[in-house]
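Me: I am new to reading protein structures. Could you walk me through this one, step by step?

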Amino acid sequence: HVAHNTMTASWGGVGFMWNKPIAIAVIRPQRFTYEFTEREPMLTLSFLGEEYRQALTYCGTHSGRDENKISKAGLSVAFTDDDVPAISQARLVLECRKLYTDMLREENFLDKSIIEKWYPAKDYHKAYILEITHAYIKE
């Protein structure tokens with residue numbers, strides 16, 4: 001299995017583009033997960049129920065660089081049919097293949113108040129457009 005990490009994210013979306021079901025995820029380059037996302041052609045988006053709020057908070061405030069935050073949060077890893085890591089406890093896992101990526105750029109923000117509010121340090125996200133290749137739903 002490939003090395004893996006997780007991060008808590010609430011920004012993104014799903015839709016349809018280029019005749020494919022897609023998800024859009026954004027990751028700041030300073031995040032440990034960024035290294036994995038840049039290196040691997042596939043990734044998963046794991047959606048957990050409210051009962052995992054404390055685990056998600058833990059994962060959102062600790063770095064996988066420093067510890068095995070997945071197990072410390074009380075979570076575990078499973079692998080999809082294509083051997084892509086995902087969170088075992090997820091009620092929904094979207095397995096995705098990277099299609100397009102680019103950095104968000106200051107000059108492209110039409111509403112400059114977004115920069116003031118969300119990017120005072122100019123630490124812009126990188127956006128990933130991902131093809132959803134499989135969806136795993138826990139019954």
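Here are some questions and answers about this predicted model.

Me: Is T33 buried or exposed?
Reply: Happy to start there! T33 lies in helix α1, which covers residues 32-39. Its relative accessibility is 11%, and buried means under 20%. Because 11% falls within that range, T33 counts as buried.

Me: Which side chain makes a polar contact with the side chain of T33?
Reply: Begin with what T33 touches, leaving aside residues up to four places away in sequence: N5, T6, M7 and I27. One of these also makes a polar contact with T33, side chain to side chain, at 2.8 Å. That partner is N5.

Me: Which element gives the largest share of the lining of the largest pocket?
Reply: The largest pocket holds about 1100 Å³ of space. Of its 44 lining residues, T6, M7, T44, L45 and S46 are the closest to its centre. Several elements supply at least two lining residues each, among them β1, β2 and α1. The largest share, 6 residues, comes from β3.

Me: How many residues of each class line the second largest pocket?
Reply: This pocket has about 210 Å³ of space. Its lining includes M7, W11, R28 and H125. Sorted by class, the lining residues divide into 6 nonpolar, 3 polar and 2 charged.

Me: How far apart in sequence are R65 and E35, which meet in a salt bridge?
Reply: Their side chains come together at 3.5 Å, N to O. R65 sits in the loop between α2 and α3, while E35 belongs to helix α1, so the pair links distant parts of the chain. R65 is partly exposed at 45% relative accessible area, and E35 is partly exposed at 38%. Along the chain, the two are 30 residues apart.

Me: Which residues are linked with E131 in a network of salt bridges?
Reply: Take one pair to begin with: E131 forms a salt bridge with R97, and their closest N and O atoms are 2.5 Å apart. This pair links strand β7, where E131 lies, to strand β6, where R97 lies. E131 counts as buried at 14% relative accessibility, whereas R97 is partly exposed at 34%. The network joins E131 with K20 and R97.

Me: Is K72 buried or exposed?
Reply: K72 is another salt-bridge residue, and its side chain meets that of E67 at 3.5 Å, N to O. Its relative accessible area is 56%, and the cut-off for exposed is over 50%. Therefore K72 is exposed.

Notes:
Residues numbered from 1 in each chain as written. Predicted model: local features only at pLDDT ≥ 70, side-chain atom pairs only at ≥ 80, totals over all residues. Heavy atoms only, no water. Helix = DSSP H or I, 4+ residues; strand = E, 2+ residues; numbered from the N terminus. Buried < 20%, exposed > 50% of the residue type's maximum accessible area, 1.4 Å probe, protein only. Polar contact = N/O pair within 3.5 Å; in protein donor to acceptor, adjacent residues only side chain to side chain. Contact = heavy atoms within 4.5 Å. 1 Å grid on protein atoms, 1.4 Å probe; cavity = no way out; pocket = protein on both sides within 12 Å on 5 of 7 lines; lining within 4 Å. Points joined across faces, edges and corners; volume = space filled by probe spheres on them. Nonpolar A, V, L, I, M, F, W, Y, C, P; charged D, E, K, R; others polar. Salt bridge = Lys/Arg side-chain N within 4 Å of Asp/Glu carboxyl O.
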